Amino acid sequence: QVQLVESGGGLVQAGGSLRLSCAASGSIFRVDDMGWYRQAPGKSRELVAAVTSGGVTNYADSVKGRCTISRDNAKNTVLMQMNSLKPEDTAVYYCYAALVPFLKSRLDYWGQGTQVTVSS
């Protein structure tokens with residue numbers, strides 16, 4: 001059984017910072033891409049940032065320059081540092097991992113979501 005566990009959300013004032021972390025655990029053979037999506041009320045889920053196992057990163061235009069994603073392949077964890085937060089960053093943030101469990105095919109896995117609220 002594979003599980004993604006997130007932490008680090010919360011309430012912050014505009015201009016503040018938060019760090020989100022996510023750890024994948026269970027019967028994992030290989031983790032490929034990891035990253036974060038977010039979903040604001042009334043909007044569809046959107047990619048925030050992603051990182052490949054080789055360290056190649058991809059960011060949404062809305063967070064470029066304010067967000068840094070990193071991962072620890074040995075621990076199957078991904079971190080996202082968010083700075084200069086804006087009220088429009090308010091959303092539920094979901095960790096995801098494209099991974100291969102032992103004796104199974106590659107699938108996308110999702111965390112339970114963590115709320116980030118930025119007050120103006």
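Strands here are DSSP runs of E with at least two residues, numbered from the N terminus. With that settled, here are some exercises on this predicted model.

**Exercise 1. Place L103 in the fold and decide whether it is buried or exposed.**

Step 1: L103 sits in a loop, with strand 9 (91-101) on one side and strand 10 (107-110) on the other.
Step 2: The relative accessible area of L103 is 90%. Exposed means over 50%, so L103 is exposed.
Step 3: Now look at the company L103 keeps. Together with F29 and F102, L103 makes a nonpolar surface patch of about 420 Å².

**Exercise 2. Find which cysteines form a disulfide, and explain why C67 is left without a bond to C95.**

Step 1: Recall the chemistry. A disulfide is a covalent bond between the sulfur atoms of two cysteines.
Step 2: Searching the whole structure gives one disulfide. The partners are C22 and C95, with an S to S distance of 2.0 Å.
Step 3: These partners come from distant parts of the chain, 73 residues apart: C22 belongs to strand 3 (residues 18-25) and C95 to strand 9.
Step 4: Check the geometry and the surroundings. The angle about the S-S bond is -80°, a left-handed link, and both C22 and C95 are buried.
Step 5: Turn to C67. The closest cysteine sulfur, that of C95, is 13 Å from the sulfur of C67, and this is too far for a bond. The cut-off for a disulfide is 2.5 Å. C67 has 7% relative accessibility, so C67 counts as buried.

**Exercise 3. Work out the strand order of the four-stranded open sheet and name its edges.**

Step 1: The order is 1-3-8-7, and the pairing is antiparallel.
Step 2: Strand 1 (3-7) and strand 7 (67-72) each pair on one side only, which makes them the edge strands.
Step 3: From one strand to the next, the twist averages 15°.
Step 4: Zoom in on one pairing. Strand 7 and strand 8 (residues 77-82) run antiparallel and are joined by six bridges. Here D72 faces T77 of strand 8.
Step 5: Just ahead of this sheet's edge, the segment before strand 1 holds V2. V2 has 14% relative accessibility, so V2 counts as buried. Between the C-alpha atoms of V2 and Q13 there are 34 Å, with 11 residues separating the two along the chain.

**Exercise 4. Describe the salt bridges and classify their partners as buried, partly exposed or exposed.**

Step 1: Begin with the count: the structure has six salt bridges.
Step 2: One of them brings R30 and D32 together, at 2.7 Å from N to O. R30 is partly exposed because its relative accessibility is 38%, while D32, at 11%, is buried.
Step 3: Another pairs D89 with R38, whose closest N and O atoms are 3.0 Å apart. D89 lies in the loop between strand 8 and strand 9, and R38 lies in strand 4 (residues 28-39), so this pair ties together parts 51 residues apart in sequence. Both D89 and R38 are buried.
Step 4: Compare the environment of K64 and D61. Their side chains meet in a salt bridge at 3.1 Å, N to O, and both K64 and D61 are exposed.
Step 5: Finally, go beyond single pairs. A network of salt bridges links R38, E46, R66 and D89.

Conventions:
Residues are numbered from 1 along each chain as its sequence is written. This is a predicted model: local features need pLDDT of at least 70, side-chain atom pairs count only at pLDDT 80 or more; totals for chains, interfaces and linings use all residues. Side-chain values use heavy atoms; hydrogens and water are left out. Patches are made of residues with over 30% relative accessible area and no salt bridge: like charges are joined within 9 Å, nonpolar side chains (Val, Leu, Ile, Met, Phe, Trp, Tyr) within 5 Å. Accessible areas come from the Shrake-Rupley method with a 1.4 Å probe; for residues, only the protein chains shown count as cover. A salt bridge is a side-chain nitrogen of Lys or Arg within 4 Å of a carboxyl oxygen of Asp or Glu. Buried means under 20% relative accessible area, exposed over 50%, partly exposed in between (1.4 Å probe, protein chains only). Two strands pair if DSSP finds at least two bridges between them. Axes are lines fitted to C-alpha atoms, for helices over the stretch in contact, and angles run from 0 to 180 degrees between N-to-C directions.
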